[in-house]
Each structure stands twice: as structure tokens, then as C-alpha cells.
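Let's take a friendly walk through this model together. Have the viewer open beside the text, and turn the structure as you read.

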Amino acid sequence: MSEDDGALLAAAERGDQGAWDTLVDRYNALLWSVARGYRLGTVDGGDAVQNTWLRLVENLDQIAEPHRLGSWLATTVRRECLQLLRRASREQPAPTFEWLEKLPNGEAPLDAALLLDERDGALWRALASLSERCQRLLRVLMASPPPSYVDVAAALDMPIGSIGSTRQRCLDRLRKVASVDELLTDRAPVREDP
Amino acid sequence: MNQDDRLMDRLRTIAAALDGPPELVGESARAALSTRRLDGELAELVLDTPADTAAVRSDERIRLLAFHAITASLEFQVHQIGARVRIRGLVTGASGEVVVETARQQRSGRIDAGGWFTIDGLSHGLIRLRVRADDGTTVTTRWISV
């Protein structure tokens, strides 16, 4: 069992960099996923995540429920995202889901190509045809390690009870669009070619 | 593991490969602990209000903020013109300098004889102000978003 958030927070408050790094490793991908889910680009997304960590540092001794740190962070990053989006809407046209545009013409970036195959590319591109609500929810759920539904609810300001059913509907839709079942079953154990 | 979980796992693997947090975002997050201030006094926000902007340009915004601490108080205007941010304010109870910290940099300005200071060349984002008094005391504000 890994060290709990409360113990890590207390250690970080005493200046323990190792404890802080563990918290960053635990939640940074979630914060990034939330920023991406809200359509922030690389620069604004990075700012939203960094602002969230700075606010945590400032409030290290004031987190009322340390065991709910994930939700606190998810709520904070959502507010940061919405604030950046409000500013962006005053200054420029609405942002796009930049994270889904990383595979133009089905070409995976070089480093990603090592890990991914064509079917993954097709799956990723199929996400773009889902509703905004589905794209956002799925992108947050894609965080590593997988976020708890409590944290996801905080990140998206949605009732925790609706996450499971919404996820199911969104994945069903994705399956239809991408013929995912085919994509997944084709992946099965590597066969020797005759 | 059911079908949905398997599909979600696959998406998670793809996202980690294609769209994980950039290295710099992780580095900045780890470095954030160093922004913790143990010295000095934390000033309390007592006013945060948009100023009357009827007479200014459409992309110009002015916001008034005030922070109070036991040793010193700060009142300042955050003046935004497009992407540029300028701060002009008044310190009472301390002489010395005002440092504006952002997530990436610091800028400082002397407090003049009348208590005024100006710091220009800032950009949007989180900032906090610190009064570094000549007698060695410091007063820091909370992070504010400009």
C-alpha cells in the first residue's frame, strides 16, 4: 500500500521534497488530463497545472481533508482552466481539442509510433467524432494512474453517480464509430504467419 | 476486467504515449515546493474589485486590490492592456522594495519616498507580491490571477 496523501502532505509541509515529488507523480497526469479535457493547448494547459501546484504549496497547512487531496486538486485545476478559457474567449477564437489533432493524416509522431500501431491511431482519431462531453470525460479518465470517480466528479463538476453510466454511453458510441471490437480482438496474441 | 475497462485501458496507454504531461510541466510541478515561504507575514486580501473602466480602451482593464498585514499594507492597481500587465501601488508601513513573483520569474521595484511603486512588463498568470522592507521584514500576498 502506498503512502497516503495525508502523510505525504504533512511531510511536504515540513519541506520533504521526496514526499512532494510522490504527490506530483500521483496527480500531475490527472491535472494535465483535466486541462486537455477542457481543450487547453500546451502552454495554457501547462499554466493551469502549474497554478494548481502553486496553490497547493500555498495551502499545504490548510487542506482540511487531506484524504480528499485528489478532489481538491481536480477542483482547483478545473477553476484554473475555466479562468484561462474565459480570458482566451475575450482574446481569440475558441480553442480546439489540440490533443486529438496530434495524428494528422493518421501519422503517429515518431516516438509514439514505437508504442502504437495503426489500430490505436484509428481509435484515437475516432474520439474526435464524440460529443464534447464524452471527449472531456474520457480524456480525464485516461489519466495515469486511473483517477477515482470522486476526483473525476470534482474535475468535471458532475455528479459522481452519473460518471459510470456516461462513461458507458461514451465508450459504446466510440465502439460504433471506430468498430473498436474489431480493433481490440485483432490485437489478441501474436500469431505466427504461416 | 470487462470490455469497457479493457477499452479504457487501451485509451489510457495511447494517451500516455501521445499526450502525457510535457517534461517541463512535471519539472515545474516538482520545483513548485520551493515557492513555499516560511519567512515573513502573509497579508490578507481585503479588497479585489474591477475599477470603473468606462473611459478606457476595450482591451484595457483595471482592477483594484488591497492586502493588509500587521507590519505593512499594500494597495495596488493591476492595469491590463491586451496581454501586458502593469502594477502600480502604494505601500504603507514599510520602505524598501516590492517584488512581484510569477510562476517563472521575479521583478522588483523600489518603493519611493511617497510609498509608491510601479512594476511593468508582466504578463497574464499567477502573481504574488512581496514587500521586502529595509528593516528585514517581509510581507507576502497570496497568489492572485491576473
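Before we start, one term: two strands count as paired if DSSP finds at least two bridges between them. With that in hand, look at one such bridge: B:Phe67 has B:Leu74 as its bridge partner in β4(B). Keep in mind throughout that this is a predicted model.

That bridge belongs to a larger ladder. Strand β3 of chain B, residues 60-68, and strand β4 of chain B, residues 73-81, run antiparallel and are joined by nine bridges. Another rung of the ladder sets B:Arg61 opposite B:Gln80 in β4(B). The chain passes from β3(B) to β4(B) by a hairpin of four residues.

Follow the chain onward and you meet a second hairpin. Here, two residues lie between β4(B) and β5(B), and B:Gly82 in the turn has a positive phi of about 60 degrees. Strand β5 of chain B covers residues 84-92, and its pairing with β4(B) is antiparallel over nine bridges. Within this pairing, B:Gln77 finds its bridge partner in β5(B), namely B:Arg88. As background for looking at these strands, side chains in a regular strand alternate between the two faces of the sheet.

Now zoom out to the whole sheet. Which strands form it, and in what order? Five strands of chain B make an open sheet with the order β2-β3-β4-β5-β8, and the pairing is antiparallel. At the edges are β2 (44-50) and β8 (116-123) of chain B, each of which pairs on one side only. On average, and ignoring direction, neighbouring strands in this sheet are turned by 20 degrees against each other.

The sheet is one part of chain B, so step back to the chain as a whole. Chain B holds two helices and eleven strands. In sequence order, the pattern is α-α-β-β-β-β-β-β-β-β-β-β-β. The chain is divided into domain 1, residues 3-34, and domain 2, residues 39-145. How far apart are the C-alpha centres of domain 1 and domain 2 of chain B? They lie 35 Å apart.

The overall dimensions of chain B are worth a look alongside that separation. Its C-alpha trace spans about 70 × 40 × 25 Å along the principal axes. The radius of gyration of chain B is 20 Å, whereas a compact globule of 146 residues would have one near 15 Å. Of the 146 residues in chain B, 30% are buried. Among contacts in chain B with a separation of 6 or more, 40% are between residues 24 or more positions apart.

Next, turn to the partner. Chain A has ten helices and zero strands. Of its 194 residues, 39% count as buried. Residues 24 or more positions apart account for 67% of the contacts in chain A with a separation of 6 or more.

Three places in chain A reward a closer look. Start with helix α8 of chain A, residues 149-156: six of its eight residues are buried, so the helix is largely enclosed by the rest of the structure. The buried residues in α8(A) are A:Asp151, A:Val152, A:Ala153, A:Ala154, A:Ala155 and A:Leu156. Just after α8(A) comes A:Asp157, with a positive phi of about 50 degrees.

The second place is A:Ala178, in helix α9 (residues 163-178) of chain A. Is A:Ala178 buried or exposed? A:Ala178 is buried, because 20 other C-beta atoms lie within 10 Å, and 20 or more is the cut-off for that class. A:Ala178 and A:Leu127 are 51 residues apart in sequence, yet their C-alpha atoms are 8.5 Å apart in space.

The third is A:Asp25 in helix α2 (residues 17-37) of chain A. With 13 other C-beta atoms within 10 Å, A:Asp25 is partly exposed. From A:Asp25 to A:Ser144 there are 119 residues in sequence and 9.4 Å in space, C-alpha to C-alpha.

Finally, see how the two chains meet. In all, 33 residues of chain B are in contact with 40 residues of chain A. On the side of chain B that touches chain A, α1 (3-19) and α2 (23-31) of chain B each supply at least two residues. The largest share, 13 residues, comes from α1(B). By class, this side of chain B has 18 nonpolar, seven polar and eight charged residues.

Note on methods. Residues are numbered from 1 along each chain as its sequence is written. Chains are lettered from A and ligands numbered from 1 in the order in which they are written. This is a predicted model: local features need pLDDT of at least 70, side-chain atom pairs count only at pLDDT 80 or more; totals for chains, interfaces and linings use all residues. Two residues are in contact if their C-beta atoms, placed from the backbone, lie within 7 Å. Ala, Val, Leu, Ile, Met, Phe, Trp, Tyr, Cys and Pro count as nonpolar, Asp, Glu, Lys and Arg as charged, and the others, Gly among them, as polar. The radius of gyration is taken over C-alpha atoms; the globule rule is 2.2 Å times the number of residues to the power 0.38. A residue is buried if 20 or more other C-beta atoms lie within 10 Å of its own, exposed if 12 or fewer, and partly exposed in between; C-beta atoms are placed from the backbone. Axes are lines fitted to C-alpha atoms, for helices over the stretch in contact, and angles run from 0 to 180 degrees between N-to-C directions. Domain bounds come from an automatic or database domain assignment.
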